[in-house]
Amino acid sequence: MRLLHTSDWHLGRTFYRESLIDAQRVFLDHLLTVVQEREVNAVLVAGDIYDRAIPSLDAIALFDHALNSLADLQVPVIMISGNHDSPQRLGVTSRLIERAGIHLRTDPATCHTPAVLHDEHGPVAFYGLPYLEPFLAREEMAADKPTHEAVLSAAMDRVRADLATRPAGTRSVVLAHAFVTGGHTSDSERDITAGGIPTVPAAVFEGIDYVALGHLHRPQKVTDRIRYSGSPLAYSFSEAGHTKTTWLADLDADADLTTEAVPCPRPRTLDTLTGHLGDLLKDHQHDHLHEAWLHVILTDPQRPINAMDRLRTRFPRTVQLTFAPENGGPPSSATYTERTRHRTELEITTGFVDHVRGGHAPTSTEQDLLRRAVEATRLNDTVKEAR
């Protein structure tokens with residue numbers, strides 16, 4: 001059975017306020033082409049379909065286009081909700097679209113209920129584990145504590161218990177949205193520290209023939225059978241050097257695995273330029289970056305006037321600007337948003353306390369209070385959305 005593993009579409013996301021809808025549409029059309037040309041038997045989408053709980057109309061329309069196109073091809077789809085998705089909103093039509101071969105799993109209570117597909121060698125059981133918020137999933141999963149490892153381990157115990165009731169030789173695939181130990185992060189992933197240590201060991205998935213992971217945006221393998229497809233587009237400059245891919249994974253009759261990375265279309269080059277504003281505006285060695293998304297670091301001794309406007313006359317896709325003067329002094333981004341873009345809520349809160357107390361960082365006791373406050377706020381927001 002040939003599987004196409006993808007994840008982290010983040011439909012509706014912007015890149016430093018630049019719309020990505022057109023680029024995401026190109027990716028989805030590419031995905032449909034791969035499904036047809038490579039004779040894919042099932043498409044796996046491992047969470048973060050949307051970028052936010054309440055997606056834009058453009059994002060919803062794009063998702064609708066993808067589902068209808070896959071249904072027209074009569075290729076089964078198994079997908080799960082991620083930490084960016086609203087499980088309730090995303091899953092509202094799940095029973096209806098299942099009739100079209102689209103198996104959407106957003107409810108933790110159904111994680112041990114597989115979609116079973118067949119090929120000439122017999123059945124393959126697909127288990128979809130949506131993102132499990134530890135504090136909310138603990139009771140449903142009967143986990144011993146509200147941690148990522150505990151709730152995911154409890155979910156996998158249910159999966160293995162169901163798999164044991166299946167006919168001998170049934171091959172198994174699990175979709176999960178989690179941070180597995182050994183994975184490499186990017187700046188564009190949302191922090192999921194709530195619930196203590198955010199990582200879970202790969203051993204949680206022991207005994208499964210293929211594990212299709214989502215959450216981390218870099219394509220990578222944790223083990224031969226446990227892989228992240230990564231996001232189809234770069235969502236931060238930390239991903240400038242990544243080759244974005246999906247995984248083609250073939251499971252044969254004995255569950256032996258063969259994989260192939262299929263490159264995704266790249267809408268624009270991402271690059272970083274460093275130097276004096278005047279030099280960057282006239283140096284012809286940068287001509288090839290005219291349409292690239294750029295992070296520009298200016299090293300002028302004094303902050304140039306209207307720097308962003310002047311840069312965009314030559315590089316219209318300049319999206320991030322940082323000042324790092326050669327004469328010393330700390331580098332500073334153009335805005336508070338830029339300075340805090342890749343910091344967690346806890347890091348920002350801790351930095352604020354340190355700032356207002358004149359360089360006196362929070363004590364370990366205060367750090368613990370701040371962490372609990374941040375987690376309680378995030379959990380409260382999640383509960384409100386669930387209700």
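This briefing walks through a helix pair, a cavity and some aromatic rings in the structure above. Keep in mind that you're looking at a predicted model. Helix α6 is a good one to find early, since it packs against α5 and also supplies residues to the lining of the largest cavity.

**Two helices side by side**

- Start with helix α5, which covers residues 134-141, and helix α6, which covers residues 148-163.
- These two pack at an angle of about 35°, and their axes sit 9 Å apart.
- If you look at how they cross, α5 passes α6 in a left-handed way.
- On the α5 side, the contact is made by P134, A137, R138, E140 and M141.
- On the α6 side, the partners are H148, V151, A154, A155 and R158.
- Sort the residues of this contact by type and you get 6 nonpolar, 1 polar and 3 charged.

**A hole inside**

- How many cavities of 30 Å³ or more are there? The count comes to 1.
- The volume of the largest cavity is about 80 Å³.
- It has 12 lining residues, and the closest to its centre are L132, H148, L152, H177 and A178.
- H148 is worth a second look: this residue belongs to the α5 and α6 contact, and it also lines the cavity.
- Which elements each give at least two residues to the lining? They are α6 and β9, the latter spanning 171-177.
- The largest share, 3 residues, comes from α6.
- As for residue types, the lining divides into 10 nonpolar and 2 polar, with no charged ones.

**Aromatic rings that pair up**

- The model has 6 aromatic pairs.
- One of them joins F15 and W293, with 4.9 Å from centre to centre.
- The planes of F15 and W293 are 35° apart, so this pair counts as tilted, the label for angles that are neither under 30 degrees nor over 60.
- Where do these two rings sit in the chain? F15 is in strand β2 (residues 14-15), while W293 is in strand β18 (residues 293-298).
- That makes the pair a link between distant parts of the chain, 278 residues apart.

Definitions and conventions
Residues are numbered from 1 along each chain as its sequence is written. This is a predicted model: local features need pLDDT of at least 70, side-chain atom pairs count only at pLDDT 80 or more; totals for chains, interfaces and linings use all residues. Side-chain values use heavy atoms; hydrogens and water are left out. Axes are lines fitted to C-alpha atoms, for helices over the stretch in contact, and angles run from 0 to 180 degrees between N-to-C directions. Helices (H or I, at least four residues) and strands (E, at least two) are DSSP runs, numbered from the N terminus. A crossing is left-handed if the near helix is turned anticlockwise from the far one by less than a right angle, and right-handed if clockwise. Contact means heavy atoms within 4.5 Å. Ala, Val, Leu, Ile, Met, Phe, Trp, Tyr, Cys and Pro count as nonpolar, Asp, Glu, Lys and Arg as charged, and the others, Gly among them, as polar. On a 1 Å grid over the protein atoms alone, a cavity is a set of points where a 1.4 Å probe fits but cannot get out, and a pocket is an open set with protein on both sides within 12 Å along at least five of seven lines; lining residues have an atom within 4 Å of a point. Grid points are joined across faces, edges and corners, and a volume is the space filled by probe spheres set on the points. Rings of Phe, Tyr and Trp (its six-membered ring) pair if their centres lie within 6.5 Å; planes under 30 degrees apart count as stacked, over 60 as edge-to-face and the rest as tilted.
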